[in-house]
Amino acid sequence: MIEAHGLTKRYGDTLAVDDLSFTVRPGIVTGFLGPNGAGKSTTMRMILGLDRPTAGRALVAGKPYAQAKVPLREVGALLDAKDVHGGRTAQAHLLALAQSNGLPASRVQEVLETTGLGSVGGKRIGGFSLGMSQRLGIAGALLGDPAVLMFDEPVNGLDPEGILWIRHLMRSLAAEGRTVFVSSHLMSEMALTAEHLVVIGRGRLLADTSTRQFIDGNSVSMVRVRTPQPAELAAVLRERGHAATEVGGFLELADATTEQVGDAAAARGLTIHELYQQRSSLEDVFMELTRDSVEYSTGPAPTRAPQEIPAARQAAR
Amino acid sequence: MSTALTPARGDLQAARGTTFGNVLRSEWTKVRSLRSTWWTVLAALVVCIGLSVLIDWAIVANWDQSSPQDRAAFDPVANAFNGVGLGQLAIAVLGVLVVSSEYSTGGVRATFIAVPRRLMVLGAKSVVMALLGFAVGLVIAFVCFLVGQVFFATQDVDTSLGSPGVLRAVIGAALYIAGCGMFGLAVGSVLRHTPGSITAVVALLFVLPLLSLAIPGSIGDAVTKYFTANAGQAVTYVMTPDNSLSPWAGYAAFTVEWLILLVLGLLLLRRRDT
């Protein structure tokens, strides 16, 4: 279990993390979602005691991480796969980590095998691809068989096979009852792996909810219907209390189901060529939610269907 | 949804954690597993011993031209270590790298996640560096001393380990070399930046001690006497020159100097983000 209580980090005038409080529970994968520069890595570093919070505190298993007696038994973390000395072999790197906590040296080969690096343990890390470095970082995180795992953007730079492997690994670690906290700036990635989401933007908490609720609560769905008799269909729908707008040959309805539209058309014998429900994509949901909180923007946000925006904003509040 | 965590294997549960012994073992693994460590040690051996031997040869070859005063003041121990003044820089650079290479590569984050007790990490690094520096120093000191005496014997100005002060000066040379490693480590712990630290170490141990000779008057004498390498090398003299501290006073001054830097590094370590 990880707890953040009012975590705050200020760099000069910049508030990188702003009064962040959340709890990460065991047994599920919790996604830590936010655009680049939202403060995800800083928060993770504060949880691990690498950065000192300006205010607030973070607890792992009920106490500050720095007080852990056997730290690698409590937390395994992969922050940046490039955070290793390239001059060492993978074995020497892991052995030094294992020795520092008094873990048996036999764990080194075990975690190398687990992460698919069994045959390259004697090679220098400097020659590793980014994917191999990610696996090595995960091997280091698994050394102490810890109850809490933290991964910062673990799928960055991985090939499709590596991405599948990480998703499976995170879910199986959670299924074993561990706390798994994984950051990403990709909503689609989180939708596939995380059951729960902690969403931040500009260091502030935007949402702390289950992934399902997050998507349901923030996505906008709309019924679109194509008909050769748009005026007649719009009229009958209005009679039944549904407002339809005509957009590019389609009628769009924000407050009706496909069943209601189909029934209305059938009652008057109107022809329908196409009828479907459209949901805004996960990335759209995320973009809407974090639009005010992206650190670096390339200009005005892309324009989207006008009726989507207020709905998504409201849901986010 | 949530299941109980499978109990870990006994050998993992039995792990004793970040004891000083464990952290020390880990830091030694880190130092010995880098090729750069052994290249730096080799450079120290080659420069210290090679240059000392060349100067031994030059001293003996020019003995007839030297003045009677120079001959009377000839220190057959200190003069066997004439290459150490340059070769010490390799050990000092090793000391810098032991700390700064972790920061330049980012490996320090993996280190502090595994061992959040940072002072213990720097303490373990210091012990590893002191022991490695002393071991390398012993090899350099004894080889330089013994080879030097072979040269000096040709002019009958050699000495032996049994003579007064000689063993102290030879062991002192090893201690001085270890101190240079610690000086580098201390500078590295303050600056954390490899090129900057190496520049600082070369300036403080090599360039400025020589330049300090140019400062006039009694202030200049004091600065020269107490300046890092000048002070530390006093322990390698059997015949203490006029402008030098006594052997152990000099070594103590040098030690206090790097200890101040190391304490500063420790204080900064507690406060800084990584």
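**Two chains, a kinked helix and some positive phi values**

Start with A:Asp19. With 15 C-beta neighbours inside 10 Å, A:Asp19 counts as partly exposed. Bear in mind that this is a predicted model. A:Asp19 sits in strand 2 of chain A, residues 14-24. Its backbone stands out for one thing. Phi of A:Asp19 is positive, near 50°, and this is a residue other than glycine.

Now to a contact partner of A:Asp19. That is A:Thr8. You will find A:Thr8 in strand 1 of chain A, residues 2-11. Buried or exposed, or in between? A:Thr8 counts as partly exposed, because it has 18 C-beta neighbours inside 10 Å. Set aside the neighbours within four places in sequence. Then A:Thr8 is in contact with A:Val17, A:Asp18 and A:Asp19, and also with A:Pro53, A:Thr54, A:Ala55 and A:Gly56. Take A:Pro53. It lies 45 residues from A:Thr8 along the chain, yet their C-alpha atoms are separated by 5.7 Å.

Next, A:Glu153. Here too phi is positive in a residue other than glycine, near 50°. A:Glu153 belongs to a loop of chain A, between strand 6 (148-152) and helix 6 (160-175). Is this residue buried or exposed? Buried: A:Glu153 has 21 other C-beta atoms within 10 Å, and the cut-off for buried is 20 or more.

Over to chain B, and helix 5. This helix covers residues 84-105, so 22 residues, and at 1.5 Å a residue it should span 32 Å. What separates its end C-alpha atoms? They are 30 Å apart, which agrees with the expected span. There is a kink, though. It is about 40° and is centred on B:Val99. Helix 5 of chain B is also mostly covered, with 17 of its 22 residues buried. After the helix comes B:Gly106, with a positive phi near 85°.

Last, the contact between the chains. How many residues does each chain give? Chain A gives 45 residues and chain B gives 37. On the chain B side, several helices take part. Helix 1 (10-13), helix 2 (20-32), helix 3 (35-61), helix 5 and helix 6 (107-114) of chain B each supply at least two residues to the side that touches chain A. By class, that side of chain B has 16 polar, 14 nonpolar and seven charged residues. So helix 5 of chain B appears twice in this talk: it carries the kink at B:Val99, and it supplies residues to the side that touches chain A.

Conventions: Residues are numbered from 1 along each chain as its sequence is written. Chains are lettered from A and ligands numbered from 1 in the order in which they are written. This is a predicted model: local features need pLDDT of at least 70, side-chain atom pairs count only at pLDDT 80 or more; totals for chains, interfaces and linings use all residues. Helices (H or I, at least four residues) and strands (E, at least two) are DSSP runs, numbered from the N terminus. The expected span of a helix is 1.5 Å times one less than its number of residues. The bend at a residue is the angle between axes fitted to the seven residues ending there and the seven starting there. A residue is buried if 20 or more other C-beta atoms lie within 10 Å of its own, exposed if 12 or fewer, and partly exposed in between; C-beta atoms are placed from the backbone. Two residues are in contact if their C-beta atoms, placed from the backbone, lie within 7 Å. Ala, Val, Leu, Ile, Met, Phe, Trp, Tyr, Cys and Pro count as nonpolar, Asp, Glu, Lys and Arg as charged, and the others, Gly among them, as polar.
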